[in-house]
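Please open the model in your viewer and keep the sequence panel beside it, since each stop on this tour begins with a selection and then describes what is found there.

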Amino acid sequence: MCSDEKGVMMTDTTRKRAAARCEDCGRALAVWVTPDQKIAPIGSVSGCPCGETSFRLLN
Ligand SMILES: [Zn+2]
């Protein structure tokens, strides 16, 4: 039941900062990328100001 101790360490080290572009309006945003490739805009939990929630990562 308590065999998984890694949960305690799962904080900022499991996600990384990146730049992404909104799929709709093309706005560039700073985002968090999680290990399973989910993209979450930094400072905006609801997505792009235009209302879009899909982003393309920039390299
Ligand atoms: Zn947008």
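**A hairpin turn to begin with**

Select the hairpin of E2 and E3, which has five residues between its strands, and look for Gln37, which takes a positive phi near 70° there. The strand labels here follow DSSP: strands are E runs of at least two residues, helices are H or I runs of at least four, and both are numbered from the N terminus. Gln37 has this positive phi although it is not a glycine, and its place is the loop between E2 and strand E3 (39-41). Gln37 is exposed, because 7 other C-beta atoms lie within 10 Å of its own; with C-beta atoms placed from the backbone, 12 or fewer such neighbours count as exposed, 20 or more as buried, and anything in between as partly exposed.

Before going further, note that this is a predicted model, in which local features need pLDDT of at least 70 and side-chain atom pairs count only at pLDDT 80 or more, while totals for chains, interfaces and linings use all residues. Residues are numbered from 1 along each chain as its sequence is written.

**From the turn to Arg15**

Keep Gln37 selected and add Arg15: the two are 22 residues apart in sequence, and their C-alpha atoms are 9.2 Å apart in space. Lys38 can be added as well, since from Arg15 it is 23 residues away in sequence and 9.5 Å away in space, C-alpha to C-alpha. Arg15 belongs to the segment before E1 and is partly exposed, with 16 other C-beta atoms within 10 Å. Leaving out residues up to four places away in sequence, Arg15 touches Trp32, Val33 and Thr34, where contact requires backbone-placed C-beta atoms within 7 Å of each other.

**The sheet**

Now colour the strands: the chain has four of them and zero helices, and its elements run β-β-β-β from the N terminus on. The four strands form an open sheet in the order E3-E2-E1-E4, with antiparallel pairing, and two strands count as paired if DSSP finds at least two bridges between them. At the edges are E3 and strand E4 (55-57), each of which pairs on one side only. Direction ignored, neighbouring strands of this sheet are turned by 50° against each other on average, the axes being lines fitted to C-alpha atoms and angles between N-to-C directions running from 0 to 180 degrees.

Walk across the sheet from one edge. E2 and E3 are antiparallel partners over three bridges, and Val33 has Ile39 as its bridge partner in E3. Next, E1 and E2 are joined in the antiparallel sense over six bridges; here Arg17 has Trp32 as its bridge partner in E2. The hairpin of E1 and E2 also has five residues between the strands, and Gly26 takes a positive phi near 85° in it. Finally, E1 and E4 run antiparallel and are joined by three bridges. Ala20 is a useful residue to select at this point, for its bridge partner in E2 is Leu29 and its bridge partner in E4 is Leu57.

**The core**

Which residues make up the largest nonpolar core? Select Ala20, Cys22, Leu29, Val31, Cys48 and Phe55, the six residues of that core; strand E1 (16-22) and strand E2 (28-33) each supply at least two of them. A nonpolar core is here a set of buried Ala, Val, Leu, Ile, Met, Phe, Trp, Tyr and Cys residues joined through C-beta atoms within 7 Å.

Centre the view on Val31 and show its contacts: beyond its neighbours within four places in sequence, these are Ala18, Ala20, Ile39, Ala40, Pro41, Ile42 and Phe55. Zooming out to the whole chain, buried residues make up 10% of its 59 residues. Of the contacts with a separation of 6 or more, 42% are between residues 24 or more positions apart.

Technical notes. Contact = placed C-beta atoms within 7 Å.
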